Amino acid sequence: MRRSVLLMTLLSVLPATAGEVGILLDKQVGKAQALGTQKFDAVSPTGLGIRAGFDVLDLKVAALQLNATWHNKTTGDLTYGGTKVGELDNQYIAAGAMVNWKLLVNVGAGVEYRSEKLSFRPTSGAATDSTLGRPWARVNVGFSIPTPVVSPFFLFEVAAPLSKKENPGSAKDLTDALAPQVQVGIYGGIRF
């Protein structure tokens, strides 16, 4: 524990040598859930996010990056047997770390902590809001175009939570269980 705190402290005081700013276009995929005798279909909205990252350690062929993401509110229809019974909103902010290998093809792997704001709004009845905090793992692969000042990049990214809620017993539990289980997207921007 002390070693990890010491390592994070040392890494946080190192000057940022490079950074990136980009836009994430994604599809979030949920999982069908049952509450009592009702089985709700999976919610799979499409969304947009903005990410910024700073390399705290750059070894030329690999870099350790700290990053933050803001993802806009996505809304997906919640259906039961093909009939719309409400909507599920999801919005998140995230902070994480990633290792990026700068090879012929760029490859990255990392973790982030997401604070997800979920809202289940049934067509009749009261809405249920929930804030769900959970760690996610991310991997991406793509390419960049090296130029003297800024380098445009394009990546295919897949992310999945490291913890999931299942078997809801209440409307709040259902809201948490319907949260995204996988996120697939295209991430592009500039490195400077």
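Strands E7 and E8 run antiparallel to each other, paired over 15 bridges. One of those pairings sets two arginines across from one another: arginine 114 has arginine 134 as its bridge partner in E8. The hairpin that E7 and E8 make has 5 residues between the strands, and in it glycine 125 takes a positive phi near 110°. Keep in mind as you look around that this is a predicted model.

Now step back one strand. E7, residues 106-122, also pairs with E6, residues 83-102, again in the antiparallel sense, this time over 17 bridges. Here the hairpin has 3 residues between its strands. If you want a landmark on this pairing, find tryptophan 101, which stands opposite valine 107 in E7. Arginine 114 turns up again too: it lies over the face of tyrosine 92, at 4.1 Å from the ring centre.

How does all this fit into the whole chain? The protein has 2 helices and 10 strands, and going along the sequence you read α-β-β-β-β-β-β-β-β-β-α-β. The C-alpha atoms fill a box of roughly 55 × 40 × 20 Å along the principal axes. There are 192 residues, and 40% of them count as buried. Take the contacts with a separation of 6 or more, and 63% of them come from residues 24 or more positions apart.

Let's go inside. The largest nonpolar core has 7 residues: Phe40, Val43, Leu78, Leu88, Phe120, Leu174 and Leu178. Leucine 78 is a good place to stand in it. Leaving out residues up to four places away in sequence, leucine 78 touches core members such as Phe40, Val43, Phe120 and Leu178, and its list of contacts also includes Asp41 along with Thr83, Lys84, Val85, Gly86 and Glu87. Apart from that core lies another, of 6 residues, with Leu24, Tyr92, Ala94 and Leu155 among them. Tyr92 is the tyrosine that has arginine 114 over its face.

Next, a polar residue on the inside. Asparagine 67 lies in strand E5. Is asparagine 67 buried or exposed? Its relative accessibility is 6%, so it counts as buried. Its side chain has polar company, though. One polar contact, of 3.2 Å, joins it to the side chain of glutamine 65, and another, of 3.4 Å, goes to the side chain of arginine 138. Beyond four places in sequence, the residues that asparagine 67 touches include Arg51, Ala52 and Gly53, the run Ala94, Ala95, Gly96, Ala97 and Met98, and also Glu112 and Arg138.

Arg51 is worth following from there. The charged end of arginine 51 sits over the ring of tyrosine 187, 4.6 Å from its centre.

That brings us to the aromatic pairs, of which a search of the whole structure finds 3. Phenylalanine 143 and phenylalanine 154 form a tilted one, with 5.7 Å from centre to centre and 45° between the planes. This pair links distant parts of the chain, with phenylalanine 143 in strand E8 (residues 128-144) and phenylalanine 154 in strand E9 (residues 151-161), 11 residues apart. Both rings are partly exposed: phenylalanine 143 has a relative accessible area of 45%, and phenylalanine 154 comes in at 43% relative accessibility.

Why is the pair of phenylalanine 153 and tyrosine 187 called edge-to-face? Their planes stand at 65°, with the ring centres 5.2 Å apart, so the pair gets that label; the cut-off for edge-to-face is over 60 degrees. Phenylalanine 153 is in strand E9 and tyrosine 187 in strand E10 (residues 182-191), 34 residues apart, so here too the pair links distant parts of the chain. Phenylalanine 153 is buried, at a relative accessible area of 0%, and tyrosine 187, at 1%, counts as buried too. Neighbours in sequence thus end up in contrasting settings, because phenylalanine 153 is buried while phenylalanine 154 is partly exposed.

Finally, have a look at the surface. Lysine 60 has its place in the loop between strand E4 (46-58) and strand E5 (62-80). Lysine 60 is exposed, with a relative accessible area of 65%. Its phi is near 75°, a positive value in a residue other than glycine. The C-alpha atom of lysine 60 is separated by 17 Å from that of valine 141, a residue 81 positions away along the chain.

Technical notes:
Residues numbered from 1 in each chain as written. Predicted model: local features only at pLDDT ≥ 70, side-chain atom pairs only at ≥ 80, totals over all residues. Heavy atoms only, no water. Core = buried A, V, L, I, M, F, W, Y, C linked by side-chain atoms within 4.5 Å. Buried < 20%, exposed > 50% of the residue type's maximum accessible area, 1.4 Å probe, protein only. Contact = heavy atoms within 4.5 Å. Helix = DSSP H or I, 4+ residues; strand = E, 2+ residues; numbered from the N terminus. Polar contact = N/O pair within 3.5 Å; in protein donor to acceptor, adjacent residues only side chain to side chain. Phe/Tyr/Trp six-rings, centres within 6.5 Å; stacked < 30°, edge-to-face > 60°. Lys NZ or Arg CZ within 6 Å of the ring centre and 35° of its normal. Pairing = 2+ DSSP bridges.
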